[in-house]
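User: Please explain how the descriptions given for this model are justified.

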Amino acid sequence: MATIHWFRKGLRLHDNPALLAAIKENHELRPLYILDPWFMTNSRVGVNRWRFFTQSLDDLDNNLRGLGSRLFVIRGTPEEVFLNLFKDWDVQRLTWEVDTEPYACSRDEKIEKLARSHNIEVVCQVGHTLYNTEQIIKANLGKTPLTYQSMQALVSKLGHPPKPVDTLVSLPRGCRLQGEIATDSKFDPPTLAELGVDEGSIEPCLYVGGETEALKRLDKYMERKTWVCRFEKPKTSPNSLQPSTTVLSPYLKFGCLSCRTMYFRLLEVYKNNSHTNPPVSLLGQLLWREFFYTVAAATPNFDHMEGNPVCRQIPWIRDDKLLRAWEYGKTGYPFIDAVMTQLRKEGWIHHLARHVVACFLTRGDLWQPWEDGMKVNVFEELLLDADWSLNAGNWMWLSASAFFHQYFRVYSPIAFGKQTDKHGDYIRKYLPQLCKYPESYIYEPWKAPLSVQKAAGCIIGQDYPRPIVDHDIARKHNLQRMSKAFAAGKNKTSPSSKESAKKRTKK
Ligand code: FAD
């Protein structure tokens with residue numbers, strides 16, 4: 001008799017309630033990961049995230065082997081895979097962690113039915129969020145909280161989230177694997193080559209995937225007690241050469257790190273110390289995560305403008321040329337281009353850097369649909385931490401489509417970066433063609449006299465693009481457009497957004 005624990009997110013042995021539920025009956029444990037072709041075709045994964053993902057599976061497999069088990073990686077649709085496994089493995093129980101994304105919900109519903117039709121017990125436990133998102137909404141009398149403040153009020157009513165459960169450090173004898181299956185290489189995690197990634201084409205790895213690295217990284221930051229206690233997100237820098245925030249996001253995204261573990265580690269650091277508070281504190285960042293997860297779980301079409309009840313309908317005008325220039329760091333605004341280059345090379349950019357480029361693409365300068373920045377080969381593909389709920393929620397925020405309404409506050413692609421990096425070291429790092437520009441022109445190289453451009457070895461319009469739009473003119477024009485969209489009200493759909501939707505379904 002066997003119990004399958006189905007890993008999807010939650011790639012960890014610490015604080016994994018569903019995994020603990022899998023060993024309760026002392027049946028042989030079959031830890032499973034399904035390489036579902038849906039994800040290969042419907043979600044875009046860039047090379048950096050594929051690497052992070054394979055490293056995370058390898059780490060999980062190693063850690064399980066240390067307990068006398070292993071990870072079984074199987075290719076196929078979940079329905080096909082389970083139909084076979086239910087026949088072949090004498091399965092009595094199936095456990096998994098709750099996933100609130102729409103594809104996951106419908107997939108899990110089908111698998112639950114299938115399992116029950118085979119008399120298999122199904123156990124689902126919340127582990128990817130601090131609270132059960134349904135309970136938060138219930139505590140709000142059935143309404144989805146739409147502001148951070150209301151979220152804060154709700155969680156203070158609910159009290160702290162459940163404490164992390166014990167780490168799986170050993171397996172009862174009956175749960176350990178027996179026989180050849182324990183070493184059969186046909187179930188090994190995939191290599192990058194198998195996933196179609198040419199390893200030679202990837203940049204050096206800055207963030208190694210997996211639970212082991214996640215816990216090390218958490219420890220490293222929690223040791224910096226003063227830093228943690230003084231953390232104020234708006235005071236961190238978008239363009240420092242080393243990250244000014246934790247970069248725990250990819251680990252939280254894949255569930256290599258439990259958000260509850262992080263939450264309670266923060267409480268330990270805060271204990272008997274004065275510290276910052278939400279929304280700016282580190283604990284406050286976890287509440288942002290929880291906020292977007294909660295809204296996303298309860299909102300239809302959360303990752304689209306149309307049919308999304310929380311999203312303002314704004315008549316964006318899709319222009320592939322503008323989108324491509326932004327995507328490939330060729331807007332002619334060095335700060336924007338440097339951020340987009342860092343994203344493509346390294347897979348992680350600072351929160352405020354995300355703010356600036358998202359504002360620039362949408363309401364600030366280029367007037368492109370936020371859905372395009374979020375998806376189409378850009379954030380969703382390139383971010384190591386690309387997360388369905390957080391990506392869509394933050395894009396709506398930045399484009400003033402939902403949650404944030406002060407559309408007149410536009411980031412300057414020139415002045416904003418100077419606040420934390422006057423000399424432009426960040427630009428020099430990511431756009432080496434501009435590295436010889438004097439400080440006075442590094443953010444606006446097109447203003448440099450030709451003699452300065454020649455001396456710097458980079459002629460604007462030839463070696464680096466001219467600005468794709470004039471920021472001052474674009475900003476003013478877009479403010480008028482935003483003002484009209486706000487006046488037109490929340491739920492009206494414009495012809496061009498219908499057009500966008502048509503095009504979207506083609507992709
Ligand atoms: P820290 O400041 O160290 O925060 C710790 C954790 O809190 C993060 O790892 C993250 O899980 C959570 N967190 C922090 N800020 C936010 C936030 N604004 N919203 C939700 N959770 C937050 N984050 C993602 O994880 N995946 C995404 O796909 C994503 N897309 C974004 C798109 C845009 C346009 C913007 C503006 C932000 C996006 N964010 C996304 C949120 C945020 O930028 C990242 O979570 C953060 O920069 C990750 O770095 P960190 O781990 O060092 O954060």
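User: How many residue pairs are in polar contact across the interface of domain 1 and domain 3?

Analyst: The rule finds six such pairs, both residues at pLDDT 80 or more. A polar contact is a pair of N or O atoms within 3.5 Å; within protein, one must be able to donate a hydrogen and the other to accept it, and residues adjacent in sequence count only if both atoms are side-chain atoms. This is a predicted model, in which local features need pLDDT of at least 70, side-chain atom pairs count only at pLDDT 80 or more, and totals for chains, interfaces and linings use all residues. Residues are numbered from 1 along each chain as its sequence is written, and side-chain values use heavy atoms, with hydrogens and water left out.

User: What makes the number of salt bridges across the interface of domain 1 and domain 3 zero?

Analyst: A salt bridge needs a side-chain nitrogen of Lys or Arg within 4 Å of a carboxyl oxygen of Asp or Glu. The rule finds zero across the interface of domain 1 and domain 3.

User: Which residues of domain 1 are in contact with domain 3, by number?

Analyst: Contact means heavy atoms within 4.5 Å; by that criterion, 11 residues of domain 1 are in contact with 13 residues of domain 3.

User: Why is L252 called buried?

Analyst: Buried means under 20% relative accessible area, exposed over 50% and partly exposed in between (1.4 Å probe, protein chains only). L252 has 8% relative accessibility and therefore counts as buried. Among the residues that L252 touches, not counting those up to four places away in sequence, are H128, M262 and L286.
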